[in-house]
Amino acid sequence: MSSSDTSPTTAKKPRGQLKLLAIFAVVIGPIVIAGIMAKVGYEPQSNTNRSDLVEPQIQLEDWQLVADPVGYGSPWRVLVTSPQACEEACLQLLHEARQINVALGREAGRVKHMLALATQPPAELLEQLESEYPRLEKGTLDSAAYQNSLNQHPQEWQQGPQLWVVDPLGRVVLHQDADKPGKQLLDDLKHLLKVSKVG
């Protein structure tokens with residue numbers, strides 16, 4: 001038998017084996033890679049869930065805070081709370097809340113920025129807020145109820161002004177740590193707006 005008779009058969013075998021290896025790599029490869037990543041503790045970066053999820057759940061009514069409207073079709077809220085007076089740190093968070101709202105672009109209409117204080121702000125502050133944040137929604141929270149609702153949450157959430165995201169049903173769903181950039185909260189809120197069916 002001449003070498004020319006055997007070459008087509010021997011050429012087909014490697015091609016078939018290569019196809020089988022390729023299929024095996026496509027199916028099994030990702031599983032193996034995921035297993036290795038889990039073993040070494042590698043977590044890929046994500047644009048979502050970089051803020052703190054609020055668990056156990058808190059409702060605005062737990063703070064005796066009235067926001068109108070609440071329910072399906074109502075807006076999301078970027079909320080600043082302060083159980084004391086609204087001073088420099090509080091005003092900085094308020095500015096950040098508005099910047100987050102503006103940065104949402106065409107989705108900005110689905111979100112309101114809101115300030116909730118435990119005390120009635122002085123007339124001078126009200127004038128400043130009216131001038132700088134004409135669309136700001138304002139509310140009053142009960143200081144004792146507010147502190148009580150945060151007992152099961154990190155200690156730092158219970159001190160000073162805080163920044164939250166509230167869904168249209170009045171659930172406080174995200175918290176932004178003061179030492180993290182507001183961009184993280186913005187990215188998470190964008191994701192929530194994209195997948196949300198309630199507001």
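**Exercise 1. Find which residues Asp167 touches, leaving out residues up to four places away in sequence.**

Solution.
- The model is predicted.
- Leaving out residues up to four places away in sequence, Asp167 touches Pro75, Trp76 and Val173.
- Now place Asp167 in the chain. Asp167 sits in the loop that links β5 (162-166) to β6 (171-176).
- One polar contact stays local: the Asp167 side chain reaches the backbone nitrogen of Leu169 at 2.9 Å.

**Exercise 2. Decide whether Asp167 and its salt-bridge partner Arg171 are buried, partly exposed or exposed.**

Solution.
- Start with the pair. Asp167 and Arg171 form a salt bridge, with their closest N and O atoms 2.5 Å apart.
- Recall the cut-offs: buried is under 20% relative accessible area, exposed is over 50%, and partly exposed lies in between.
- Asp167 has 3% relative accessibility, so Asp167 counts as buried.
- Arg171 has a relative accessible area of 30%, so Arg171 is partly exposed.

**Exercise 3. State how many salt bridges the structure holds, and explain what the pair Arg77 and Glu137 ties together.**

Solution.
- The structure holds 5 salt bridges.
- One of them joins Arg77 to Glu137, with the closest N and O atoms 2.9 Å apart.
- Arg77 lies in strand β2 (residues 76-82) and Glu137 in strand β4 (residues 137-140), so the pair ties together parts that are 60 residues apart in sequence.
- Check burial as well. Both Arg77 and Glu137 are buried.

**Exercise 4. Describe the salt bridge of Asp187 and Lys183, then the helix α5 around it.**

Solution.
- The side chains of Asp187 and Lys183 meet at 3.0 Å, N to O.
- Both belong to helix α5 (residues 182-195); they are 4 residues apart, which means about one helical turn between them.
- The general rule fits here. An α-helix has 3.6 residues a turn, so residues three or four places apart point the same way.
- Asp187 has 10% relative accessibility and therefore counts as buried.
- Next, the helix length. α5 has 14 residues and spans 20 Å from first C-alpha to last, close to the 20 Å expected at 1.5 Å a residue.
- List the buried residues of α5: Gly182, Gln184, Leu185, Leu186, Asp187, Asp188, Leu189 and Leu193.
- Find their neighbours. These buried residues pack against β2, α2 (88-103), β3 (111-117), β5 and β6.

**Exercise 5. Identify the cysteines that form a disulfide, and give the handedness of their link.**

Solution.
- Count: the structure holds 1 disulfide.
- Cys86 and Cys90 form it, with sulfur atoms 2.0 Å apart.
- A disulfide is a covalent bond between the sulfur atoms of two cysteines.
- The angle about the S-S bond is -90°, and the link of Cys86 and Cys90 is left-handed.
- Both Cys86 and Cys90 are buried.

**Exercise 6. Summarise the whole chain: its helices and strands, its burial, its contacts and its surface.**

Solution.
- Count the elements. The chain has 5 helices and 6 strands.
- Put them in order along the sequence: α-β-β-α-β-α-β-α-β-β-α.
- Take burial next. The chain has 199 residues, and 36% of them count as buried.
- Turn to contacts with a separation of 6 or more. Residues 24 or more positions apart account for 72% of these.
- Finish with the surface. The accessible surface of the chain comes to about 12,200 Å², and 55% of that belongs to carbon and sulfur atoms.

Notes. Residues are numbered from 1 along each chain as its sequence is written. This is a predicted model: local features need pLDDT of at least 70, side-chain atom pairs count only at pLDDT 80 or more; totals for chains, interfaces and linings use all residues. Side-chain values use heavy atoms; hydrogens and water are left out. Helices (H or I, at least four residues) and strands (E, at least two) are DSSP runs, numbered from the N terminus. Buried means under 20% relative accessible area, exposed over 50%, partly exposed in between (1.4 Å probe, protein chains only). A polar contact is a pair of N or O atoms within 3.5 Å; within protein, one must be able to donate a hydrogen and the other to accept it, and residues adjacent in sequence count only if both atoms are side-chain atoms. Contact means heavy atoms within 4.5 Å. A disulfide is a pair of cysteine sulfur atoms within 2.5 Å. Accessible areas come from the Shrake-Rupley method with a 1.4 Å probe; for residues, only the protein chains shown count as cover. A salt bridge is a side-chain nitrogen of Lys or Arg within 4 Å of a carboxyl oxygen of Asp or Glu. The expected span of a helix is 1.5 Å times one less than its number of residues.
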